[in-house]
Amino acid sequence: MGARRRTAVLISGRGSNMSALIAAAADPAFPAEVALVLSNRAAAAGLDVARAAGIATATVSYKAGLAGAESEMAAALDAHGIDLVCLAGFMRLLSAGFVARWRDRMINIHPSLLPLFPGLDTHERALAAGVKVHGCTVHFVRHEMDSGPIIGQAAVPVLAGDTAETLGARVLAAEHALYPRALALVASGRVRVVDERCVGDAAGETGMLVSL
Ligand code: GRF
């Protein structure tokens, strides 16, 4: 087995996807280890979970502006020898320069089947649109929000009587299954970006997780 890729998880809040990644990485055979959890909010509940798991944490402040925050972030990532970055409910936009530096080494989870419903309030918008299938996407990060080559998706049904809360809970459970599988693909080098699409084992491995 090769060295496990040192991974940072960037959060802003409760960190349930972070917890799913930490749980998966507790298996020594998992190809990534969570070496740092970084938050832009000192009060993020996920920081306590990470500390309890013995993982290094850092907090960056955006009070002095984007450039200052990103240079703090870059310093923390360097100091911990980070190879891969996972955005997991990180609620700040990243600059073009930061995104470029981490190109094809930074992934994000988004609670919709992209390219449908980028941005916020995805479950409300899915219900308003009347879609019958909804879900989540893990993708490489590009500067345009919620865009970039798709590594994997998981689908869930929209059921009669769903509210944004019930639908969101169903999607969140799918997120927790999908994100570790997508990170494993990236960390083990089994996914490549060709012409801005993911190819390789990805098609067979996470082409679509369907739980209908
Ligand atoms: C998730 O729904 C994720 O898809 C979105 O933000 C939410 C974060 O939740 N980007 P958590 O902090 O991982 O619990």
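## Where the ligand sits

A backbone N or O atom of Gly15 lies 2.9 Å from an oxygen atom of the ligand. Keep in mind that this is a predicted model. Let's look at what surrounds the ligand, then hop over to a loop with a couple of backbone quirks.

**Contacts with the ligand**
- The side chain of Arg14 also joins in, with an N or O atom 2.4 Å from an oxygen atom of the ligand.
- At Ile109 the backbone does the job: one of its N or O atoms is 3.1 Å from a nitrogen atom of the ligand.
- On its own, the ligand has 360 Å² of accessible area, and the protein covers 85% of that.

**The pocket and its shell**
- The ligand takes up the space of the largest pocket.
- Two elements each give two or more residues to the shell around the ligand: helix H1 (16-25) and strand E5 (106-110).
- Among the residues surrounding the ligand are Ser16, Asn17, His110, Pro111 and Glu175.
- Sorted by type, the shell has two nonpolar, five polar and two charged residues.
- Domain 1 (1-102) and domain 2 (109-212) both give residues to this shell, so the ligand lies between them.

**Quirks in the loop after E5**
- Pro115 is found in the loop between E5 and helix H5 (122-129), and the peptide bond leading to Pro115 from Leu114 is cis, with omega near 10°.
- Phe117 is found in the loop between E5 and H5 too.
- Although Phe117 isn't a glycine, its phi is positive, near 55°.

Notes:
Residues are numbered from 1 along each chain as its sequence is written. This is a predicted model: local features need pLDDT of at least 70, side-chain atom pairs count only at pLDDT 80 or more; totals for chains, interfaces and linings use all residues. Side-chain values use heavy atoms; hydrogens and water are left out. A residue is near a molecule or strand if one of its heavy atoms lies within 4 Å of it. A polar contact is a pair of N or O atoms within 3.5 Å; within protein, one must be able to donate a hydrogen and the other to accept it, and residues adjacent in sequence count only if both atoms are side-chain atoms. Accessible areas come from the Shrake-Rupley method with a 1.4 Å probe; for residues, only the protein chains shown count as cover. On a 1 Å grid over the protein atoms alone, a cavity is a set of points where a 1.4 Å probe fits but cannot get out, and a pocket is an open set with protein on both sides within 12 Å along at least five of seven lines; lining residues have an atom within 4 Å of a point. A molecule sits in a cavity or pocket if more than half of its atoms lie within 2 Å of its grid points. Helices (H or I, at least four residues) and strands (E, at least two) are DSSP runs, numbered from the N terminus. Ala, Val, Leu, Ile, Met, Phe, Trp, Tyr, Cys and Pro count as nonpolar, Asp, Glu, Lys and Arg as charged, and the others, Gly among them, as polar. Domain bounds come from an automatic or database domain assignment.
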